[in-house]
Amino acid sequence: MTRGEFEPPGSLGDLDDSSLVFGPDDDLFDGATQDDSTDRPRRSDRHRQKAVGRRRRRGRLILVVVAVLVAVVLAVGIPLLKDHFTVADYHGAGSGAVVVVTIPTGASASDIADILKKSGVVASTEAFTDAASSNANSKSIQPGSYNLHKHTSGKQAVLQLLDPASRNSNDDVLVPEGATVIDVEARLEKVLGSSQTAAIKKIMTHADDIGLPVNYGKLTGSPEGFLFPATYNFDPGTTADAALQQMVQRYISEDRNTGFAGDAKAAKLSPYDALIIASIAQAEAKYPEDMPKVSRVILNRIKAGMPLQIDATSAYAAKLQGLDPAKVIYAQIDSPYNTYQNKGLPPTPIGNPGAAAMNGAVHATPGNWLYYVNGDKAGHLYFTNDPNKFATAVAKCQKNHWGCA
């Protein structure tokens, strides 16, 4: 068919091409004329507008309801969550009565926290463990008895356990550098109780079963020298064996950490002889820098075949015999520890030396000295290999009352 030819009404040619895609105009179905559609809104449009309005009002109402519910949940839930997750803790350094708290050997932060909570010191175990984790020094808390206040914050509890002033020293066994088995025995008896007295005395002369180092050669049975200087605290009920084993183990740890036994052998000494020298240097020298020089004098005199002539060994002999060292003539006391009469080293250490003296014994300062004496009021030693200079120095020491007999 060509353009211009007649097409029957209602044929496809009467429709706009767009109707084939989008469908017929709404006007055809509303029955409204073109003029009607321009004069007033169509009925379907009004229905749609009302529906949209209703949906919008419902949406706004839902948003309001949701907002109210969220506000209610936040107002009620946040305090509950806060109470649930907040660690119970007191404030300050304590406001309650003083309690004695015992921290056992090997206690962890959790163990300590449990002890403090049960004693009423802290409000919760978490208060202490949280504070301990924030303080690197908390790992240095020592076993022992402490005087603490109830109702103390976790942070303050950590600080108080680190403060030596809080320790109840009545339960401590202090072994100072140079202390003898006699000194340690008296302190142990006081702390462990009279029930352990017999056991302590026995071990002090027969120490074979408390773990003395096996690489030191044949020992005399005395624990002298092996009770390492430190502060020890023993749990209630600790036996004499266990207490002294702890001290010996501390010595063995020091030996291993410093290589003392190996260094002794490198210096052509047995470890036990080196320990004896260290104990003498500890007793004779007041200052660490003098200890390796005293060790050198000992070695030089032994090499030269000279008696040591050391007062400290005779003073030790007097203590073993229950005598007052100040009232004994050192050169005349009847004892194998009298180094005026007996050449070489005494049979055992004469005390328990510390780390500086032990180091000085195996690393003696090079020198040709054969004598020493107090060189000033403070106690620094004067060293020489000249007997005439030594005699002059002794006279000066006596004249100035620097501690020379």
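Hi everyone. Before the tour, one definition: when I name a helix or a strand, I mean a DSSP run, numbered from the N terminus. Please also keep in mind that this is a predicted model.

Let's start with the largest pocket. Its volume is about 750 Å³, and 25 residues line it. If you want to find its centre on the screen, look for Glu-284, Asp-311, Tyr-340, Tyr-372 and Val-373, which are the lining residues nearest to it. Several elements give two or more residues to this lining: the helices α12 (271–284), α13 (291–303), α14 (311–320) and α16 (387–399), together with β5 (371–374). Which element provides the largest share of the lining? That is β5, with 4 residues. As for chemistry, the lining of the largest pocket has 18 nonpolar residues, with 4 polar and 3 charged ones beside them.

While we are at α12, have a look at Tyr-272, which lies in that helix. Is Tyr-272 buried or exposed? Its relative accessibility is 5%, and the cut-off for buried is under 20%, so Tyr-272 counts as buried. Its C-alpha atom is 9.9 Å from that of Pro-347, although 75 residues separate the two along the chain.

Now for the second largest pocket, which has a volume of about 410 Å³. Of its 19 lining residues, Gln-142, Pro-143, Arg-167, Thr-231 and Tyr-232 are the closest to the centre. Here α7 (154–162), β4 (230–233) and α10 (240–258) each supply at least two residues, and β4 gives the most, with 4. By class, this lining counts 8 nonpolar, 7 polar and 4 charged residues.

Arg-167 takes us on to the salt bridges. In general, side chains of opposite charge can pair when their charged atoms come close. How many salt bridges does the structure hold? There are 3. In one of them, Arg-167 pairs with Asp-172, and their closest N and O atoms are 2.4 Å apart. Both Arg-167 and Asp-172 are buried. So Arg-167 has turned up twice: close to the centre of the second largest pocket, and in a salt bridge with Asp-172.

Next come two bridges that share Lys-201. Glu-185 meets Lys-201 at 2.7 Å, N to O. Glu-185 sits in helix α8 (residues 181–192) and Lys-201 in helix α9 (residues 197–203), so this pair ties together parts that are 16 residues apart in sequence. Glu-189 also forms a salt bridge with Lys-201, with 3.6 Å between the closest N and O atoms. That pair again links α8 to α9, this time across 12 residues. Put together, Glu-185, Glu-189 and Lys-201 make up a network of salt bridges.

How accessible are these three? Glu-185 counts as buried because its relative accessibility is 16%. Glu-189, at 21%, counts as partly exposed. Lys-201 is partly exposed too, with a relative accessible area of 43%.

Last stop, the surface. Which residues form a nonpolar patch there? They are Leu-61, Val-65 and Leu-69, and together they have about 290 Å² of accessible area. Val-65 is found in helix α4 (residues 43–85), and its 42% relative accessibility is why Val-65 counts as partly exposed.

That's my tour, thanks for listening!

How values were computed: Residues are numbered from 1 along each chain as its sequence is written. This is a predicted model: local features need pLDDT of at least 70, side-chain atom pairs count only at pLDDT 80 or more; totals for chains, interfaces and linings use all residues. Side-chain values use heavy atoms; hydrogens and water are left out. Patches are made of residues with over 30% relative accessible area and no salt bridge: like charges are joined within 9 Å, nonpolar side chains (Val, Leu, Ile, Met, Phe, Trp, Tyr) within 5 Å. Accessible areas come from the Shrake-Rupley method with a 1.4 Å probe; for residues, only the protein chains shown count as cover. A salt bridge is a side-chain nitrogen of Lys or Arg within 4 Å of a carboxyl oxygen of Asp or Glu. Buried means under 20% relative accessible area, exposed over 50%, partly exposed in between (1.4 Å probe, protein chains only). On a 1 Å grid over the protein atoms alone, a cavity is a set of points where a 1.4 Å probe fits but cannot get out, and a pocket is an open set with protein on both sides within 12 Å along at least five of seven lines; lining residues have an atom within 4 Å of a point. Grid points are joined across faces, edges and corners, and a volume is the space filled by probe spheres set on the points. Ala, Val, Leu, Ile, Met, Phe, Trp, Tyr, Cys and Pro count as nonpolar, Asp, Glu, Lys and Arg as charged, and the others, Gly among them, as polar.
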